[in-house]
Amino acid sequence: MDILKTEHFATPAVGDSVQPSLVWSSQKDSEDNRQSPVVNSSDQEKTKDIHLEIPDAADSFIPKENSSGSFPTKEREELPPSSVSNKTTLHFDQPNRKLSPAFHQALLSFCRMSADSRLGSEVSRIADSEKSVMLMLGRCLPHIVPNVLLAKRERMVLHLCQELIPLILCTACLHPEPKERDQLLHILFNLIKRPDDEQRQMILTGCVAFARHVGPTRVEAELLPQCWEQINHKYPERRLLVAESCGALAPYLPKEIRSSLVLSMLQQMLMEDKADLVREAVIKSLGIIMGYIDDPDKYQQGFELLLSALGDPSERVVSATHQVFLPAYAAWTTELGNLQSHLIPTLLNKIEKLLREGEHGLDEHKLHMYLSALQSLIPSLFALVLQNAPFSSKAKLHGEVPHIEVTRFPRPMSPLQDVSTIIGSREQLAVLLQLYDYQLEHEGTTGWESLLWVVNQLLPQLIEIVGKINVTSTACVHEFSRFFWRLCRTFGKIFTNTKVKPQFQEILRLSEENIDSSAGNGVLTKATVPIYATGVLTCYIQEEDRKLLVGFLEDVMTLLSLSHAPLDSLKASFVELGANPAYHELLLTVLWYGVVHTSALVRCTAARMFELLVKGVNETLVAQRVVPALITLSSDPEISVRIATIPAFGTIMETVIQRELLERVKMQLASFLEDPQYQDQHSLHTEVIRTFGRVGPNAEPRFRDEFVIPHLHKLALVNNLQIVDSKRLDIATHLFEAYSALSCCFISEDLMVNHFLPGLRCLRTDMEHLSPEHEVILSSMIKECEQKVENKTVQEPPGSMSIAASLVSEDTKTKFLNKMGQLTTSGAMLANVFQRKK
């Protein structure tokens, strides 16, 4: 207490000049003649270029003697402690930014503070007078002293360390000697060997309290060196503390240091740190830094950091990028005028380049990376459109605030992606939305440059990109569908109806005038169809919206069928929509339209589409809507329509468990196989065999044992009698694939002896005639099965009912599958294999 009464802590009288070392402002002016310690420009440049390679900090609590030499900033001069009266004169750099207070507050909420508890509250306050020091000691000592005697227990030691934090901070803040202050802060950062989450929050809270109290000059000179020294510490918890400190201290640092040294520290940690948790904390701190940087020269560096973060292998890091870093960077980009001129166009160009280079193998991970970034930028883009609208000057809050529907916007990934946070408040957003809808509906977009860019540049480029996507890539279709859905929901129903839908409709041109034999190369076969259907037409779910979607899918089904075009785009639409049970009834309505269509081509397409829908639809709908439709089609006058129902019937056998339903389907399949009218229907037989090979391994075991395997045996027998080699080859090929799929199923001994092995022998007879290479594989497989059956008969007691999949040894299976792989690497090779030897 004697020290506290020295002249160092005498409170200046009113009117006394304040020591300029504690005053940091952009003007750096002071009435005192003494010069404040500053970093000169050449030193600042050095800090920007230095490569951060620091050896591990020691784990000891012993203060360092020469730690002042480890930090490349100004020489540490004696910095007199602050007091109550001069606290009010501290100035912190306010960046030249236009962030809304709500956005700024949401950004800082990612700093991990701990002021809720008694100790957290204690740490967040710095004692700054003799009386307050005594009061702090009075509050803290009773919690420390009882634990001293128990200090051998590790848990008590950690508790004791936490209780010391406010005392260390208070002393470091008020001590007159810079060397002692440095030692005390070194103790603070090394107090706990591996600080856990709560302990790090406590230390960070103390650091922020210290920074608020002493000002930016001392934060730079005294706190940052402690971070610097631990940037490569061997314990990730200590590096995590460094990463979190950079963000927490950002508001209290000189702006030159924020955009040079601290940014460089975080960049190094993002590139080099192996711990996901550390990199995640780095990303959050980078986001906070992006809320304070106002140096345009750092924009490109920020963009490169963004790309690195989006491509990070850790999902945690990528998630933090979307939640914090990307929206904070987007806010700065918007202020610089670069959102529409650089950031979004650059990401679009990267996607286009990927698609150009990915004709023989698209990098779907990178596509997801860029497209998800674009999706996260949609709220920022919409906020920019609102804030630069012709009516923005009229958007004043007065009278009753308009209501915003709860579902008006998609749920944001983080508060920073909430449009109301970016704008400033939900009330302000409500006023802007009302004016926005009115402007679109009554006054148009004349002079509205930011929205015209979306309509005339962004949308056409996106639609062009969509047309280049491989429609069979489910992941790509899904990604772009979600993007358009968020874009349309964010920009609203009027915008979707008047700006988005017309552009798609102009390209798709759905009318029967466009039906011709060359339509297979048209846009209806591209990914444009499923992305428009699932990304745009599903945005709103009122009756007229659902009717539009149904009509679109019916038109696509009709046009593709009548023009003999591939059905991939329609299938992609059904797969994407079928993943959501809310659309099952709607899709069944579309298919029923096909079932009763006058054209057999359309009915045939409807039959094939049922296969895609069966797996996701509940059994009640299958029984009430799907099976009746398929039974109707299975008695169609056109044989091609009846054949088209077989895959869907097979899928029902694979997925449904209702006995009555399974029996109905089995009866229908039996009629296809046993009715004399189908005896010479080669196409029907190949479709049945193909379906059995696909669904057999997963089908209900009784169905497989009593129906699939016996009928494959019959088909193999009949094929031995086929005199047309091309047909015999076709059936043999499909039988070979079906038996391959079923060979590892659990098959009973009786079934193996009476049907499976005889069927394989029949198939071998075909292969002897058509393909000796396949005959060798089948002979090996048959021999192995016969040996296993013999061994089983000898070893097992009478009445044994089953033989496991081990009937085919692992060695034989491996050889068999390897040879199959060699034989069937391509359709052309397979065809060559089966060429009859002359």
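The lining of the largest cavity in this predicted model comprises 3 nonpolar, no polar and 6 charged residues, whereas the lining of the second largest cavity divides into 8 nonpolar, no polar and no charged residues. The structure holds 5 cavities of 30 Å³ or more, and the two described here are followed by a helix pair, H19 and H20, whose axes lie 12 Å apart.

**Largest cavity**
- The largest cavity encloses about 60 Å³ of space, and its lining is formed by Met653, Arg659, Leu662, Glu663, Lys666, Glu700, Arg702, Phe703 and Glu706.
- Helix H30 (659-674) and helix H32 (701-720) each contribute at least two residues to this lining, with H30 giving the largest share, 4 residues.

**Second largest cavity**
- The second largest cavity has a volume of about 50 Å³, and the residues that line it are Ile344, Leu374, Leu377, Ile378, Leu381, Leu458, Phe483 and Leu487.
- Two or more of these lining residues come from each of helix H16 (364-387) and H20, and the largest share, 4 residues, belongs to H16.

**Packing of H19 and H20**
- Helix H19 (residues 449-466) packs against helix H20 (residues 474-491) at an angle of about 160°, and the two are therefore roughly antiparallel to each other, angles over 145 degrees being counted in that class.
- H19 passes H20 in a left-handed crossing.
- On the H19 side, Leu451, Val454, Leu459, Leu462, Ile463, Ile465 and Val466 meet Phe480, Phe483, Phe484, Leu487 and Phe491 of H20, and the residues of this contact divide into 12 nonpolar, no polar and no charged.
- Phe483 and Leu487 of H20 take part in the contact with H19 and also appear in the lining of the second largest cavity.

Methods. Residues numbered from 1 in each chain as written. Predicted model: local features only at pLDDT ≥ 70, side-chain atom pairs only at ≥ 80, totals over all residues. Heavy atoms only, no water. Axes fitted to C-alpha atoms, helices over the stretch in contact; angles between N-to-C directions. Parallel < 35°, antiparallel > 145°, perpendicular 65-115°, else oblique. Left-handed = near helix turned anticlockwise from the far one by under 90°. Contact = heavy atoms within 4.5 Å. Nonpolar A, V, L, I, M, F, W, Y, C, P; charged D, E, K, R; others polar. 1 Å grid on protein atoms, 1.4 Å probe; cavity = no way out; pocket = protein on both sides within 12 Å on 5 of 7 lines; lining within 4 Å. Points joined across faces, edges and corners; volume = space filled by probe spheres on them.
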